[in-house]
Amino acid sequence: MSVAVYPGTFDPITYGHIDVAERAAKVFSDLIILVMNNPGKSNAMFSVEERVSLIQNVFSNISNICVASYRGLLVDYARLTGHNVIIRGLRAVSDFEYEMTMAAANRRMYDSFETFFLMTDTKYSFISSSLVKEIAINGGKIDPWVPESVKQEIYKKLEK
Ligand code: PNS
């Protein structure tokens, strides 16, 4: 049994995240998508509970993907659960510095911690949750980047 954890903010989940998760779920026997808070992204559109629910809905037909949330350090989650293999997606070289720093810091805090990187499919290499929200807020179409269920929830937030 090899379990991997795919942590992120997922505010909201995009096709870029979905691509990484589906591919990781083919390599590992189980994948836990872990919704967390990134202190650098303080103005979330969705609560952690809403993000979990959106992701559960997206992966309802994939039996080896489950969704969880954790408030605190990723290394503490890893220690607590024993799941020390982490997946992160890399979209472009610009992601590398941040990811390298985070992987190194996590390993410094917990030496059993392993980070595996998957290159996001090039057709999603420029997508980010922030970009999707910005496009939606300004009236642009977001269909190419998020599933219908996620799009509807974004529009509901914007109506409020
Ligand atoms: O989707 P994101 O915003 O790139 O994900 C970043 C995330 C949530 C994985 C990162 O901010 C994180 O691990 N947050 C939990 C707190 C933590 O462990 N921070 C130290 C990272 S070295």
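Reader: Why is Glu-153 called partly exposed?
Author: The model is predicted. In it, Glu-153 has 29% relative accessibility. Buried means under 20% and exposed means over 50%. Glu-153 falls in between, so it counts as partly exposed.

Reader: What makes Lys-156 and Glu-153 a salt bridge?
Author: Their closest N and O atoms are 3.0 Å apart. The cut-off is within 4 Å, so the pair qualifies. Both residues lie in helix α6, 3 residues apart, about one turn of the helix.

Reader: Is Asp-95 buried or exposed, and how do you know?
Author: Its relative accessible area is 13%. Buried means under 20%, so Asp-95 is buried. The side chain of Asp-95 meets that of Arg-91 in a salt bridge, at 3.0 Å from N to O. Arg-91 is partly exposed, at 29% relative accessibility.

Reader: Why is Lys-123 called exposed?
Author: Lys-123 has a relative accessible area of 52%. Exposed means over 50%, so the word applies. Lys-123 forms a salt bridge with Asp-121, at 3.6 Å from N to O. That is within 4 Å, so the pair counts.

Reader: What makes the pair of Lys-41 and the ligand a polar contact?
Author: A polar side-chain atom of Lys-41 lies 2.7 Å from an oxygen atom of the ligand. The limit is 3.5 Å, so this is a polar contact. Asn-38 also places a polar side-chain atom 2.9 Å from a ligand oxygen. For Leu-74, a polar backbone atom is 2.8 Å from an oxygen of the ligand. Taken alone the ligand exposes 540 Å², and the protein buries 84% of that.

How values were computed. Residues numbered from 1 in each chain as written. Predicted model: local features only at pLDDT ≥ 70, side-chain atom pairs only at ≥ 80, totals over all residues. Heavy atoms only, no water. Polar contact = N/O pair within 3.5 Å; in protein donor to acceptor, adjacent residues only side chain to side chain. Areas by Shrake-Rupley, 256 points an atom, 1.4 Å probe, with all protein chains shown as cover. Buried < 20%, exposed > 50% of the residue type's maximum accessible area, 1.4 Å probe, protein only. Helix = DSSP H or I, 4+ residues; strand = E, 2+ residues; numbered from the N terminus.
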